[in-house]
Amino acid sequence: MTNNPNEINIKNDYEKDVLAIWKKFEKHDIFCNPDFEYRKHPLLPKIVNKDSLMFIGINPSYRKGSTIPEKEKNIGFYQTSKDEKFKDISYFEKMKEIAEYCNTEWTHLDLFFIRETKQELIENLSSSDIEFLNLQLDISFEIIERANPKLIIVSNALASEFFGKKKSKHNGFKKIWKGFNLIFEGKDSTFNSKIGTYEIKLNNKMTPIIFSGMLSGQRALDIGSFERLKWQTKMILESKTKK
């Protein structure tokens, strides 16, 4: 893959770092049960687009009974919409729909790289094995910063907690957050009422961030909520181009 200044080559830049985390924790209980063999094989995007609409998830899911290709047994990199051999994946359809509605480039990143459908695993680790999560967050937040997104949509409630939501719930575990202060109202508010969402500081400038419900699956946003999300996303992106 040739170097594109508008992309971050995740495989080139972070493969060794992710494998080092998995090596460090290879004896951990979460990897020792033969029923969860798939957890031994981290999964990341091949590339992350810069200066685009960024969707954030919690971690790649794994459908029981699926087979992990031999070439992904060490570490896997999933295709993106910019790959020539990209195959549509239903999980990404609503993201593509929002991006097309807004006529903008989009990209996706999970905060964690462990394959698991039940996100209770991440929640349990957040109160017991912080280092395993924190090492992954160091990478994912570095990627987010490098990507310099126009707008971030966090489409998972648990993922929002690692940006600073529900800090009181994780009292004493400061390492698992990037450290953003998400204050809805008052003199220290980080909520921008003009665009109806929070802003966080990335690359020494304020970046809008929307905390949304899931975009696909049984708990996905209803039609009305999804339409409002499309409208708000377009409104925010257009307001940025006018500045």
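In the predicted model, helix α5 is followed by Asn148, a residue whose phi is positive, near 50 degrees. The helix that ends before this residue comprises 18 residues, and its end C-alpha atoms are 25 Å apart, which agrees with the 26 Å that it should span at 1.5 Å a residue. Many positions of α5 are buried: Ile130, Phe132, Leu133, Asn134, Gln136, Leu137, Ile139, Ser140, Phe141, Ile143, Ile144 and Ala147.

The protein chain in which this helix lies has a secondary structure of seven helices and 10 strands. Of its 243 residues, 47% are buried. The accessible surface amounts to about 13500 Å², and carbon and sulfur atoms account for 48% of that area. Among contacts between residues at least 6 apart in sequence, 73% join residues at least 24 apart.

Two buried residues of α5 were examined with respect to Phe112. Phe132 is placed in helix α5 and has a relative accessible area of 1%; because this value falls under 20%, the residue counts as buried. With residues up to four places away in sequence set aside, Phe132 touches Ile21, Trp22, Phe25, Ile30, Phe31, Ile114 and Leu125. Its C-alpha atom is 9.7 Å from that of Phe112, and the two residues are 20 apart in sequence. Ser140, also located in α5, is buried with a relative accessible area of 0%. Between Ser140 and Phe112, which are 28 residues apart along the chain, the C-alpha separation is 7.4 Å. The contacts of Ser140, again leaving out residues up to four places away in sequence, are with Leu109, Asp110, Leu111 and Phe113.

The largest nonpolar core contains 44 residues, of which Ile56, Leu111, Phe132, Ile144, Phe162 and Phe163 touch the most other members. Two or more residues of this core are given by each of α1, α2, β4 (53–57), α4 (120–125), α5, β7 (151–154), α6 (157–161) and β9 (197–202). Helix α5 provides the largest share, eight residues. Another core, of 19 residues, lies apart from the largest one and has Leu43, Leu53, Leu151 and Ile153 among its members. As for Ile144, its contacts beyond four places in sequence are Met54, Ile56, Leu109, Leu111, Pro149, Ile152, Phe163 and Leu202.

Helix α1, formed by residues 10–24, was considered next. This helix has 15 residues and reaches 20 Å from its first C-alpha to its last, close to the expected 21 Å. A kink of about 30 degrees is present in α1 and is centred on Lys16. At the start of the helix, a side-chain oxygen of Asn9 comes to within 3.3 Å of the backbone nitrogen of Lys11. The buried residues of α1 are Ile10, Tyr14, Val18, Ile21 and Trp22. The elements covering them include β1 (7–9), α2 (29–32), β2 (43–45), β3 (47–49), β5 (76–78) and α5 (130–147). Helix α5 is thus one of the elements that cover α1, and Ile21 and Trp22 are among the residues touched by Phe132.

Key: Residues numbered from 1 in each chain as written. Predicted model: local features only at pLDDT ≥ 70, side-chain atom pairs only at ≥ 80, totals over all residues. Heavy atoms only, no water. Helix = DSSP H or I, 4+ residues; strand = E, 2+ residues; numbered from the N terminus. Expected span 1.5 Å × (residues − 1). Bend = angle between axes of the 7 residues up to and from the residue. Buried < 20%, exposed > 50% of the residue type's maximum accessible area, 1.4 Å probe, protein only. Contact = heavy atoms within 4.5 Å. Polar contact = N/O pair within 3.5 Å; in protein donor to acceptor, adjacent residues only side chain to side chain. Core = buried A, V, L, I, M, F, W, Y, C linked by side-chain atoms within 4.5 Å. Areas by Shrake-Rupley, 256 points an atom, 1.4 Å probe, with all protein chains shown as cover.
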